[in-house]
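Okay, thanks everyone for coming. I'd like to walk you through one model today, so have a look at the screen.

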Amino acid sequence: MDENEGRWAFPWADADEDAEVIFLTVPDDGGSEFEGAAEGPQEMMRWMEELHCVRNEQGGKLDVEKPLEGGPSVTVHDAGDEEYPELEKRAAGWREKGQRIIAVGGDHSNTEALVRGVRPGSLLWLDAHPDFWKAPGRSYAAGLRHLIDDGVVNAANVKMVGLRSVNEPHRQELRDLGMLGQFDGMLDPMYEVVAFLRDAVKPIYVTVDIDACDPAFAPGVSDPVPGGLTSREIIHIVRLCAQSPDLAALDIMEYVPARDEGFRTASLVGWLAVEALSNLPVLN
């Protein structure tokens, strides 16, 4: 029996210019006051292997066994680890070629660099926190503030889901900008995401700070906040976003292995990465 019988692999591109999708990991937590998110991608890849999604030693090829009917059809290039200083330039280059990006970090400041490179029309921000502090330079707590203040994204085209740790000055400012409505956080998150995808200005960037999930499902984060999304909800949200033909990029950030319990967060983050990669539609 062929050792690969019963398995499938993404149609593989050895060079990024031949790929429809770029997969990368960003083992960097230089923008956070907490340490540990830099180890997140390596531990996530180990759990992707447990899910039979393996970055093997032969050229870094990402092989996957999908527990569902069908298989992937998009061509993927595994770019491996990328450094923070190169993220904006690299993301801009990939988008100029029309390629979609799936990234796993790393602290949430990495998202700011990626968004600057992608220049999306709309941004879906899944996070317990708004990351809206006024802080100069790189900061995991100020990324969204920088993107809005610098005009990288229009505040009217940002949707926040999972938000629950907001101080009153930030809450009022977000309301004044139209980024926070009266009933935000009270509606079904799937309803909010479906409405966002329907009305969003193209292309779309989706960022998942894994602390958007409740700590019961994802304890391995720097700043856990009770009352978050369930693992089922976040899986369905990522799957739905990945299936959108308007998606330009999706990232999953802020997994901290040292704070995990029973590898619950590792398995969830690994599964989300598999969901993102295996649900992308062919566009050409």
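I'll go through a pocket, then some ring contacts, then a few backbone oddities. One thing up front: this is a predicted model.

Let's start with the pocket. The one I picked is the second largest, and its volume comes out at about 250 Å³. It has 18 lining residues, and those closest to the centre are H129, D131, W133, A141 and D223. So what is the lining made of, in terms of nonpolar, polar and charged residues? The split is 5 nonpolar, 6 polar and 7 charged.

Keep D131 in mind, since that residue sits by the pocket centre and also has an unusual backbone. Its phi is positive, about 50°, and it isn't a glycine. As a general point, most residues other than glycine have a negative phi, and most peptide bonds are trans. D131 is in the loop between β7 and α4, and with a relative accessible area of 6% it counts as buried, because the cut-off is under 20%.

There's another residue like that. E254 is not a glycine either, yet it has a positive phi of about 75°. You'll find E254 in the loop between β10 and α8, and it is buried too, at 3% relative accessibility.

While we're on the backbone, let's do the cis peptides. Going from G105 to G106, the bond is cis, with omega near 20°, and G106 belongs to the loop between β6, residues 100-105, and α3, residues 109-118. The K202 to P203 bond is cis as well, with omega near -10°. P203 is in the loop between α6 (189-199) and β9 (204-209).

Now the rings. How many aromatic pairs turn up across the whole structure? The search gives 2. One is F34 with Y140, edge-to-face, with 6.1 Å between centres and 90° between planes. F34 comes from the loop between β2 and α1, and Y140 from the loop between β7 and α4, so this pair ties together parts 106 residues apart in sequence. F34 is partly exposed at 23%, while Y140 is buried at 16%.

The other pair is W47 with F263: the ring centres are 5.5 Å apart and the planes are at 35°, so we call it tilted. This one also links distant parts of the chain, with W47 in helix α1 and F263 in the loop between β10 and α8, 216 residues apart. F263 is partly exposed, at 40%.

F263 has a second partner, by the way. The charged end of R46 sits over its ring, 5.4 Å from the centre. A similar kind of contact involves R138, which lies over the face of Y84 at 3.6 Å from the ring centre.

Two last things. K159 is in strand β8, residues 158-161. Is that lysine buried or exposed? It's buried, because its relative accessible area is 18% and the cut-off is under 20%. Its side chain makes a polar contact of 3.1 Å with the side chain of E192.

And finally D28, in the loop between β2 and α1, which is buried at 15% relative accessibility. Its C-alpha is 6.6 Å from that of D107, although the two residues are 79 apart along the chain.

That's my tour, so over to you for questions.

Note on methods:
Residues numbered from 1 in each chain as written. Predicted model: local features only at pLDDT ≥ 70, side-chain atom pairs only at ≥ 80, totals over all residues. Heavy atoms only, no water. 1 Å grid on protein atoms, 1.4 Å probe; cavity = no way out; pocket = protein on both sides within 12 Å on 5 of 7 lines; lining within 4 Å. Points joined across faces, edges and corners; volume = space filled by probe spheres on them. Nonpolar A, V, L, I, M, F, W, Y, C, P; charged D, E, K, R; others polar. Helix = DSSP H or I, 4+ residues; strand = E, 2+ residues; numbered from the N terminus. Buried < 20%, exposed > 50% of the residue type's maximum accessible area, 1.4 Å probe, protein only. Polar contact = N/O pair within 3.5 Å; in protein donor to acceptor, adjacent residues only side chain to side chain. Phe/Tyr/Trp six-rings, centres within 6.5 Å; stacked < 30°, edge-to-face > 60°. Lys NZ or Arg CZ within 6 Å of the ring centre and 35° of its normal.
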